[in-house]
Amino acid sequence: LPTMVPTDTRVWTQAELSAAIASNATIRLGCDITLSAAGATGSRFSISGITGLVINGNGFTLGFSSSSTSNGRIFYIDSSTVNITDLTLENGYIYASYNNGGVAALGGAIYLGGGSTLTMTSCTLSSNRVSGAYANGMGGAIYAIGGSTLVIASSTLSDNQCTCHVGYHGGSGCAIYTGSSTMLTMTSVLFSGNTGSKNRGAAISANQAASLRMTLCTFSGNYA
C-alpha cells in the first residue's frame, strides 16, 4: 500500500492561521501576515493541549505593523509541543501596569507555559518588547516558565527590549527569561542589540534552577 504523506495547510491570513492552529495542522505560511492588536497583556494566538504542531514560516514574517502597547504577544503556548521553522516574529509588546491588572509583563513574542516544548529553527525574533509601570518585565522576546523546554537553533534574537518605567525594581532577560526547572538549549544563535533598563540579563536571564546549554552562540551589542 502507498504511504500517505500528510499535506501542509497553507495560510495567508490571521484568521486562517488561527483556524489551522485549532485543527493541529502542519502549517505553512504563504505570505507575511500582519496581526491585529490583542490588547496590552493579551495573546494573538493561544496554543493549549496540542501535541506535534508544526509551523513553517517559509521565510515570511508574522507580527504587528509597529511597536505599540496595545499589541500584546504573538503566541501563548501551554501544555503543548510546537515546532516553528523559518519564521520571523516581530513587534510583540506586552505592557503591564496596575491600571490594566498586570503585575508583570511576560514574553513580548512568546509565553511558554509549563509542560510545553518549543523548538525553533532558522527563526528571527526582532523588536519584541515587555514593559511595565509599577510592574516587572521578563523576557523581551520569550518568557519560559518553570517545567518547559526551549530549543533554539540557527536563529537570531535582535533588538528586543525589557524595561520597567517607574516604581519597580526592574526586569529580567532582554531577549529570553527562563524560570526554575526550565531547559534551554541553543546552537548557533545570535543575540544582537537586545536592551533594557534596570535589567538583569542583557540577552538572557536564567533562574538559578534552570538548565542552560549553549553551543556556538554569539552575543553582540546587548546591554541593560
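Is F219 buried, exposed or partly exposed? F219 is partly exposed, with a relative accessible area of 42%. Please keep in mind as you look around that this is a predicted model. The tour below starts at the surface, moves on to helix 1 and the nonpolar cores, and ends with two residues in strands.

**The surface around F219**
- F219 sits in strand 27, which spans residues 218-220.
- Together with L212 and M214, F219 makes up a nonpolar patch on the surface.
- The accessible area of these three residues together is about 270 Å².

**Helix 1 and its two sides**
- Helix 1 covers residues 14-22, and L17, A20 and I21 are buried in it.
- These buried residues lie on the same side of helix 1, because they cover an arc of only 100 degrees around the axis.
- A15 and A22, on the other side of helix 1, are exposed.
- The buried residues of helix 1 pack against a set of strands: strand 1 (9-11), strand 2 (26-29), strand 4 (43-48), strand 5 (51-56), strand 6 (61-63) and strand 7 (73-78).
- Just after helix 1 comes N24, which has a positive phi of about 55 degrees.

**The nonpolar cores**
- The largest nonpolar core contains 44 residues.
- Within that core, the residues with the most contacts are I27, L62, F75, I110 and I176.
- Strand 22 (residues 183-192) supplies the largest share of this core, with 4 residues.
- A second core, separate from the largest one, has 7 residues, among them A105, A135, C162 and C174.
- If you would like to look at I110 in detail, residues up to four places away in sequence are not counted in its contacts, and the ones that remain are R73, F75, I77, L89, L118, M120, L125, A141, I142 and Y143.

**T163 in strand 19**
- T163 belongs to strand 19, which runs over residues 161-166.
- With a relative accessibility of 9%, T163 counts as buried, since the cut-off for buried is under 20%.
- Beyond its neighbours within four places in sequence, T163 is in contact with R129, V130, S131, G132, G137, G196 and S197.

**A206 in strand 25**
- A206 is found in strand 25, made of residues 204-206.
- A206 has a relative accessibility of 38% and counts as partly exposed.
- Along the chain, A206 and G171 are 35 residues apart, and 12 Å separates their C-alpha atoms.

Conventions:
Residues numbered from 1 in each chain as written. Predicted model: local features only at pLDDT ≥ 70, side-chain atom pairs only at ≥ 80, totals over all residues. Heavy atoms only, no water. Buried < 20%, exposed > 50% of the residue type's maximum accessible area, 1.4 Å probe, protein only. Arc of directions from axis to C-beta. Contact = heavy atoms within 4.5 Å. Patch = residues over 30% accessible without salt bridge, like charges linked within 9 Å, V, L, I, M, F, W, Y side chains within 5 Å. Areas by Shrake-Rupley, 256 points an atom, 1.4 Å probe, with all protein chains shown as cover. Salt bridge = Lys/Arg side-chain N within 4 Å of Asp/Glu carboxyl O. Core = buried A, V, L, I, M, F, W, Y, C linked by side-chain atoms within 4.5 Å.
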